[in-house]
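Subject: Structure handover

Hi,

Here is the structure for you to look over. My notes on what turned up come right after it.

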Amino acid sequence: MWPNSSFNSFLLTGFPDLEAAHRWISIPFFLVYLSVLLGNGALLLLVKEDHSLHEPMYYFLAMLAATDLGLTLTTMPSVLGVLWLDHREIGHVACFSQAYFIHSLSFVESGILLAMACDRFIAIRNPLRYTSILTNTRVVKMGLGILMRGFVSVVPPVLPLYFFPYCHSHELSHAFCLHQDVIKLACADTSFNRLYPVVLVALIFVLDSLVILVSYVLILRTVLSLAAREERVKALNTCVSHICCVLVFYVTVTGLSLIHRFGEQVPQIVHLIMSYVYLLFPPLMNPAIYSAKTKQIQRGILRLFATWRVRA
């Protein structure tokens with residue numbers, strides 16, 4: 001317990017009872033972080049450099065990669081700082097800012113996956129009007145709308161954190177800051193901060209996933225109406241990568257939510273592992289899925305390597 005409620009920092013937690021093994025635990029974390037940075041950075045560079053990928057589908061993919069990079073860079077300093085240097089102290093402002101970006105970027109990712117579902121729906125339902133419907137201007141507007149929704153919606157619960165007194169233990173249960181973790185330490189009326197996130201998650205994650213599901217029901221109806229089997233297979237293949245990314249993201253979100261809501265008896269290590277899976281697994285898998293399943297991405301990577309060889 002901290003006797004001084006004005007103490008202006010929190011203590012982060014790595015893996016309890018495994019502090020002696022933090023250096024070893026840091027190795028897989030470092031490799032995952034490095035893979036996320038390289039994979040998503042390569043996708044961004046590829047979409048930027050390869051003019052054959054200057055289409056709405058790949059613009060949304062670039063937004064997804066940028067969001068995953070932002071989420072990774074938000075948590076990487078504190079996680080590796082705890083594991084490598086045992087640097088557990090984090091200031092209030094840095095902690096609240098980190099929580100803000102983690103939650104905001106998670107909502108942004110959900111919005112981008114929704115936009116990508118709409119993109120696939122338009123491409124399959126109206127292939128001849130695809131580029132005229134999803135113009136560059138509309139793609140930019142959709143991207144800005146997704147960013148605004150993600151970053152503005154998280155302001156109401158995060159802003160009060162700067163003004164709450166913290167007179168309980170200042171030790172957090174992760175190596176990064178989350179709103180639900182910080183709010184447990186506040187000595188104030190936190191009713192709004194406990195209710196608002198539940199409503200927000202329902203309005204964003206649940207609603208987005210339902211709209212994505214409806215989009216794919218309509219896509220499936222359109223595909224089944226196609227006469228030629230080859231056309232049906234080709235149309236469905238363009239959706240496989242996105243479906244895999246949606247499943248990766250929403251399965252991890254659902255798993256973490258269930259653990260937080262109903263896992264009081266679950267060991268703390270399970271909570272920790274699920275939190276890291278939620279933050280690292282989608283950014284790690286998204287570029288791998290698109291690189292493995294999308295021929296245009298594969299050809300673009302080969303062209304990019306060929307260009308680098310010529311320049312070398």
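Below are the notes, starting with confidence and ending with aromatic pairs.

**Confidence**

Keep in mind that this is a predicted model. Mean pLDDT for the chain is 88. Of its residues, 95% reach 70 or more. Helix H5, residues 136-153, has the highest confidence, with a mean of 96. Helix H11, residues 295-311, has the lowest, at a mean of 74. Residues 1-6 need care, since pLDDT stays under 50 there. For that stretch the model has 13 contacts beyond four places in sequence.

**Transmembrane annotation**

The UniProt entry is unreviewed. It places "transmembrane region" at residues 24-46, 58-80, 100-123, 144-164, 195-219, 240-263 and 269-289. I looked at two of these spans against the model. Residues 269-289 are 100% helix and 0% strand. The end C-alpha atoms of that span lie 28 Å apart. Residues 144-164 come out at 67% helix and 0% strand. Here the end C-alpha atoms are 31 Å apart.

**Cavity**

How many cavities of 30 Å³ or more are there? The count is one. The space in the largest cavity is about 40 Å³. Its lining consists of Met57, Phe60, Met116, Asp119, Arg120, Thr238, His242 and Tyr290. Helices H2 (56-85), H3 (92-125) and H9 (229-262) each give two or more residues to this lining. H3 has the largest share, three residues. By class, the cavity lining holds four nonpolar, two polar and two charged residues.

**Largest pocket**

The largest pocket has a volume of about 1,200 Å³. It is lined by 43 residues. Closest to its centre are Val201, Phe205, Val253, Leu256 and Ser257. Elements giving two or more lining residues are H3, H6 (155-158), H7 (179-182), H8 (191-224), H9 and H10 (268-293). The lining of the largest pocket splits into 25 nonpolar, 14 polar and four charged residues.

**Second largest pocket**

This pocket holds about 810 Å³ of space. Its lining has 22 residues. Which of them are closest to the centre? They are Arg120, Lys234, Ala235, Thr238 and Gln296. Arg120 and Thr238 also appear in the lining of the largest cavity. H2, H3, H9, H10 and H11 each supply at least two residues to the second largest pocket. H9 gives the most, with seven. The lining of the second largest pocket has ten nonpolar, six polar and six charged residues. One caution on H11: confidence in the chain is lowest in that helix.

**Aromatic pairs**

The whole structure contains 16 aromatic pairs. One of interest involves phenylalanine 10 and tyrosine 166. Their ring centres are 5.3 Å apart and their planes sit at 85°, so the pair is edge-to-face. Phenylalanine 10 is in strand E1, residues 9-11, and tyrosine 166 is in the loop between H6 and H7. The pair therefore ties together parts that are 156 residues apart in sequence.

**In short**

For pocket work, there are two volumes to start from: about 1,200 Å³ in the largest pocket and about 810 Å³ in the second largest. H3 and H9 give two or more residues to the lining of the largest pocket, and H3 and H9 each supply at least two to the second largest.

Best wishes

Note on methods:
Residues numbered from 1 in each chain as written. Predicted model: local features only at pLDDT ≥ 70, side-chain atom pairs only at ≥ 80, totals over all residues. Heavy atoms only, no water. pLDDT = per-residue confidence, 0-100. Helix = DSSP H or I, 4+ residues; strand = E, 2+ residues; numbered from the N terminus. Contact = heavy atoms within 4.5 Å. UniProt positions renumbered as here; feature names shortened; annotations may be inferred. 1 Å grid on protein atoms, 1.4 Å probe; cavity = no way out; pocket = protein on both sides within 12 Å on 5 of 7 lines; lining within 4 Å. Points joined across faces, edges and corners; volume = space filled by probe spheres on them. Nonpolar A, V, L, I, M, F, W, Y, C, P; charged D, E, K, R; others polar. Phe/Tyr/Trp six-rings, centres within 6.5 Å; stacked < 30°, edge-to-face > 60°.
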